[in-house]
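Here are my notes for you, written as numbered points so you can follow along with the model open. I take the pockets and cavities before the helix pairs.

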Amino acid sequence: MASKLLPLLTPYTMGKFELSHRIVLAPLTRCRSYDNVPQPHAGLYYSQRTTRGGLLIAEATVISETARGYPQTPGIWTKEQVNAWKPVVHAVHEKMADLSVCCKSGMSGRASNFSYQPNGQAPISSTDKVVPPDGTGMEYSPPRRLRTDEIPQIVNDFRLAARNAMEAGFDGVEIHGANGYILEQFMKDSVNDRTDDYGGNLENRCRFPLEVVSAVVDEVGSDRVGVRLSPFADYMDAYDSNSDALGLYMAESLNKFNILYLHMVEPRMSIVEGRRQIPHRLSLMRKAFKGTFIASGGYDREEGNKVVDDDYTDLVSYGRLFLANPDLPKRFEIDAALNEYDRSTFYSPDPVVGYTDYPFLDSSP
């Protein structure tokens, strides 16, 4: 008698994509795209983590020159960048015929400084409040509050980036509405202090992100669009006084666009009796959203299997574990030991170290 598949290794139909398992590569900033142009080593990095019928979500990809906030992050607003993405996506498609790989498009907003902006101008945001020092060594410059009449141009930047992602060969687009970047800067009341139609109550604060979703859906089709949210997080001092209400409002509002998936980040883990404890605060959003639901945030093999088995989520995304274990689905399948990740190399510009040099099972000592 065949052994029962682990919940994480059971097939799943996500729109038109037939996934062979439920382990997703989470989007991870890698800072190895020199001059904002994807490099050939990215093709190796992503293809290493490719499995037949898997879902990969590429690193946060900058939608315009004003969207930059970190060194060596890939862009998708120029022809050169689009052409550089093509062999990267092809390397993944070549290894896995029935793959789904999504481009994560975003804009840093106030999480930036003058040096990353054209002509040294101020970063743009929902506010003119600067990000407080956060211990990372990043120096954030005072942002400029977007005028109401400027917001449609930013919406259009997201739309054009989605079009470019399709030209580059991606199967879909994930809109970056998490981690304290510009869409969260509008959504969360710790940052958004506007008094126009994009500030104040929850509906107004979510207006701009939903306009972005609408534009991207119109451009590439709802069956190619996902959204990532982190309503409980406080990245770069972006937090909300009612995170549950924010998450629920967005989950319900996204239903009208019939998007492919909603990717949500759990609150930060706590340690209980020496063991990591995931808060499991996404139930309301999971029940409200009608499409595929992806949970993220500190999951391991045991916890991932449990939440899929309990129908708490459809898919689980893994970041650091998938980074350090390019064959993570195989390791989960046979319950093999995992490589430890090296935090000091997460954002190194090195094209190999901490990037493509983590060993596979068949090459481990």
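**Notes on spaces and helix packing**

1. Let's start with an enclosed space. The lining of the second largest cavity is made up of Gly177, Glu184, Met187, Lys188, Leu229, Ser230, Pro231, Leu246 and Met250. Bear in mind as you look that this is a predicted model. The cavity's volume comes to about 50 Å³. Two helices to pick out here are α4 (182–187) and α7 (243–254), each of which supplies at least two residues of that lining. Sorted by class, the lining of the second largest cavity has five nonpolar, two polar and two charged residues.

2. How many cavities of 30 Å³ or more does the structure hold? There are three of them, and the largest has about 120 Å³ of space in it. Its lining counts 13 residues, and the ones closest to the centre are Ala60, Val62, Tyr70, Ser108 and Tyr181. Strand β4 (residues 55–62) gives the most to this lining, with three residues.

3. Now the chemistry of that largest cavity. Its lining has six nonpolar and seven polar residues, and no charged ones. Set that beside the second largest cavity, where two charged residues are part of the lining.

4. On to the open spaces. The largest pocket holds about 1,600 Å³ of space. It is lined by 50 residues; if you want a place to centre your view, try Asn179, Tyr235, Arg320, Arg343 and Tyr347, which lie nearest its centre.

5. Which element gives the largest share of the lining of the largest pocket? That's α10, with three residues. Both β14 (315–318) and α10 (320–324) supply at least two residues each. By class, this lining divides into 28 nonpolar, nine polar and 13 charged residues.

6. The second largest pocket has a volume of about 180 Å³. You'll find it lined by Lys4, Leu5, Leu6, Leu9, His21, Thr51, Asp327, Pro329, Lys330 and Glu333. Those residues split into four nonpolar, two polar and four charged.

7. Time for the helices, beginning with α1 and α2. The axes of helix α1 (residues 40–48) and α2 come within 8 Å and cross at roughly 30°. Angles under 35 degrees count as roughly parallel, so that is the description that fits α1 and α2. As for handedness, α1 passes α2 in a right-handed crossing. On the α1 side the contact is made by Ala42, Gly43, Tyr46, Ser47 and Gln48, and on the α2 side by Val88, Ala91, Val92 and Lys95. That contact has five nonpolar, three polar and one charged residues.

8. Helix α2 (residues 79–95) also meets helix α3 (residues 151–168), with axes that come within 8 Å and cross at roughly 45°. These two helices are therefore oblique to each other. Their crossing is right-handed. From α2, the residues in contact are Lys79, Val82, Trp85, Lys86 and Val89, while α3 brings Asn164, Glu167 and Ala168. By class, you get four nonpolar, one polar and three charged residues in the contact of α2 with α3.

9. What angle do α3 and helix α6 (residues 207–220) pack at? About 35°, with their axes 9 Å apart. Here, too, the crossing is right-handed. The α3 side of the contact has Ile151, Ile154, Val155, Phe158, Arg159, Ala162, Arg163 and Met166, and the α6 side has Phe208, Glu211, Val212, Ala215, Val216, Glu219 and Val220.

10. A last word on that α3 and α6 contact. By class it has eleven nonpolar and four charged residues, and no polar ones. For your own walk through the model, you could follow α2 from its contact with α1, made on the α2 side by Val88, Ala91, Val92 and Lys95, to its contact with α3, where Lys79, Val82, Trp85, Lys86 and Val89 take part. From there, α3 leads you on to α6, with Ile151 and Phe158 among the α3 residues in that contact.

Note on methods. Residues numbered from 1 in each chain as written. Predicted model: local features only at pLDDT ≥ 70, side-chain atom pairs only at ≥ 80, totals over all residues. Heavy atoms only, no water. Axes fitted to C-alpha atoms, helices over the stretch in contact; angles between N-to-C directions. Helix = DSSP H or I, 4+ residues; strand = E, 2+ residues; numbered from the N terminus. Parallel < 35°, antiparallel > 145°, perpendicular 65-115°, else oblique. Left-handed = near helix turned anticlockwise from the far one by under 90°. Contact = heavy atoms within 4.5 Å. Nonpolar A, V, L, I, M, F, W, Y, C, P; charged D, E, K, R; others polar. 1 Å grid on protein atoms, 1.4 Å probe; cavity = no way out; pocket = protein on both sides within 12 Å on 5 of 7 lines; lining within 4 Å. Points joined across faces, edges and corners; volume = space filled by probe spheres on them.
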